[in-house]
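Work through the exercises below with the structure at hand. Try each task before reading its solution.

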Amino acid sequence: MRRDRAARAAYRFRVHAAVGAELAALLGCDAAADWHGYHEGALAIVDEVLRHTDVDCLCAEAVTRLLDAAEQRQLPLTLREDVAAPPCDEPSGTAPRAVALDPRDTFARLRPRDSWDGEALLRLDLRGDAVVEARLAFGEVVDVRVASRGEVGWSTSVDRQLGSPRVQAYLARRRISRVKSLARPAELKAELDARGLADWRAVAAGVEAALGGVVGAGPWGGVEGLFVAPRALLEASRLRRGDLPAPLALEHPVQRLADTEIEGFLCGWLDRYNPLFVDRRGHMYSVHQETGDERPWACAPTSLLEKLAVYDELAMRCESPVVVDADIAVALSGQLGAMRVAEASDEVSELFAVSGLDDPARPLLVVERCAYPRIEGAPTRALLWAGTPDALLLAARAARALAPEAVLGAAGSYSPLNVLWRAGLDPVGDLPIDE
């Protein structure tokens, strides 16, 4: 309780190392006899838990001392973000104290410095009564967080104007912004011509113009998460394979997607396991590096971001969807009074929001129509995303009425199906409930 009260009016940091005793001595904190790892003083509170140390600085003097120690030892220091906060503006003016952190082998940093993503580091600035945390990739700021006493928000100073407000919130949540210096459609066309890939100029340049330079920032700067930059990848392919993340360690920019007849041009990745490709129609796919499963995502780069934003919100508020083995999504959404999410819908998939997608106070219920062209017999299916058991039952009963023989399957977790079983709704259709 004492720590919680202090944190409400403190600058909250986390050191990703067990250095509690060292920082407690630096900040003049005394150890608590009845709480292992906990230290308290007039300037700060230090709490070492397992492999990290939380520091609540009660004044600017404590912040300065902590930044000095972080700079001298290159401690892996970040702002602690316990809860989401509303956006806030980045303080202007010159920072009286700025520290660039680049933790090395001492704290098991995995990404080497001066690798393919260029100058990549984390910078902490003390500006007036605020601490500004910036993560850099390719020498440019990708993400900014501003901490005032008791809270951490995010800044809108980096480029996130890439779609609807939902997309902008998703980009800020996932530390993604656009580094425009990476987007060079004209250079990409010339590079493709030089490599004998002129027939890919239209679709690749379209992705480059719409999303080129979209970068997700890693915890210590550099690239992590979503990354779209076709031209940068062509340039990076000249580096040694050992310098590249796993999705980039690919020999050819154009390849067949898994075991299909579809050819795709590498333009980035969704995460370290799922490289992102665009085919000759302009449709965007990912291919899982371990399983080889390909997934069609969107018919255009703009709708890709809109879908990722919706899926991210669904993943936060729903456990997993229920799959209905029938093409009933349009009819079902009509019965439920759902509105089509136009910006996140196309030939690959359509999303229909019944409630809660734009109003977190209401129960979430979304119906999705997905195309699975390689599944024989049921190439198009419906997915039910629900944030509460009642919302799931409402959609599932309506789906059963529309398709009495359809199988209701689990997508990632059986818990939603257990909700249906307990409510007496048979997910399989042709089996008695007692079986």
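**Exercise 1: the enclosed space**

The largest cavity of this predicted model has a volume of about 110 Å³. Find which residues line the largest cavity, and sort them by class.

*Solution.*
1. Start with the helix: α7 (residues 230–236) gives the largest share of the lining, three residues.
2. List the lining. It consists of R195, L233, L234, A236, S237, L244, L248, L250, E251, H252, P253 and L266.
3. Sort by class. Eight are nonpolar, two polar and two charged.
4. Check the count of cavities. One cavity reaches 30 Å³ or more.

**Exercise 2: the open space**

Describe the largest pocket: its volume, its centre and its lining.

*Solution.*
1. The volume is about 1300 Å³.
2. The lining has 48 residues, and L270, S286, R295, P296 and W297 are the closest to the pocket centre.
3. Elements that each supply at least two lining residues include β16 (263–271), β18 (284–287), β19 (294–298) and α8.
4. By class, the lining splits into 26 nonpolar, eight polar and 14 charged residues.

**Exercise 3: a helix pair**

Determine how α4 and α8 pack.

*Solution.*
1. Take the axes of α4 (residues 165–173) and α8 (residues 301–317). They lie 9 Å apart, at an angle of about 65°.
2. Angles of 65 to 115 degrees count as roughly perpendicular, so α4 is roughly perpendicular to α8.
3. The crossing of α4 and α8 is left-handed.
4. Find the contact. α4 brings R166, V167, Y170, L171 and R173. Residues from α8 include L305, L308, D312 and M316.
5. Classify the contact of α4 with α8: eight nonpolar, no polar and five charged residues.

Note on methods: Residues are numbered from 1 along each chain as its sequence is written. This is a predicted model: local features need pLDDT of at least 70, side-chain atom pairs count only at pLDDT 80 or more; totals for chains, interfaces and linings use all residues. Side-chain values use heavy atoms; hydrogens and water are left out. Axes are lines fitted to C-alpha atoms, for helices over the stretch in contact, and angles run from 0 to 180 degrees between N-to-C directions. Helices (H or I, at least four residues) and strands (E, at least two) are DSSP runs, numbered from the N terminus. Angles under 35 degrees count as roughly parallel, over 145 as roughly antiparallel, 65 to 115 as roughly perpendicular and the rest as oblique. A crossing is left-handed if the near helix is turned anticlockwise from the far one by less than a right angle, and right-handed if clockwise. Contact means heavy atoms within 4.5 Å. Ala, Val, Leu, Ile, Met, Phe, Trp, Tyr, Cys and Pro count as nonpolar, Asp, Glu, Lys and Arg as charged, and the others, Gly among them, as polar. On a 1 Å grid over the protein atoms alone, a cavity is a set of points where a 1.4 Å probe fits but cannot get out, and a pocket is an open set with protein on both sides within 12 Å along at least five of seven lines; lining residues have an atom within 4 Å of a point. Grid points are joined across faces, edges and corners, and a volume is the space filled by probe spheres set on the points.
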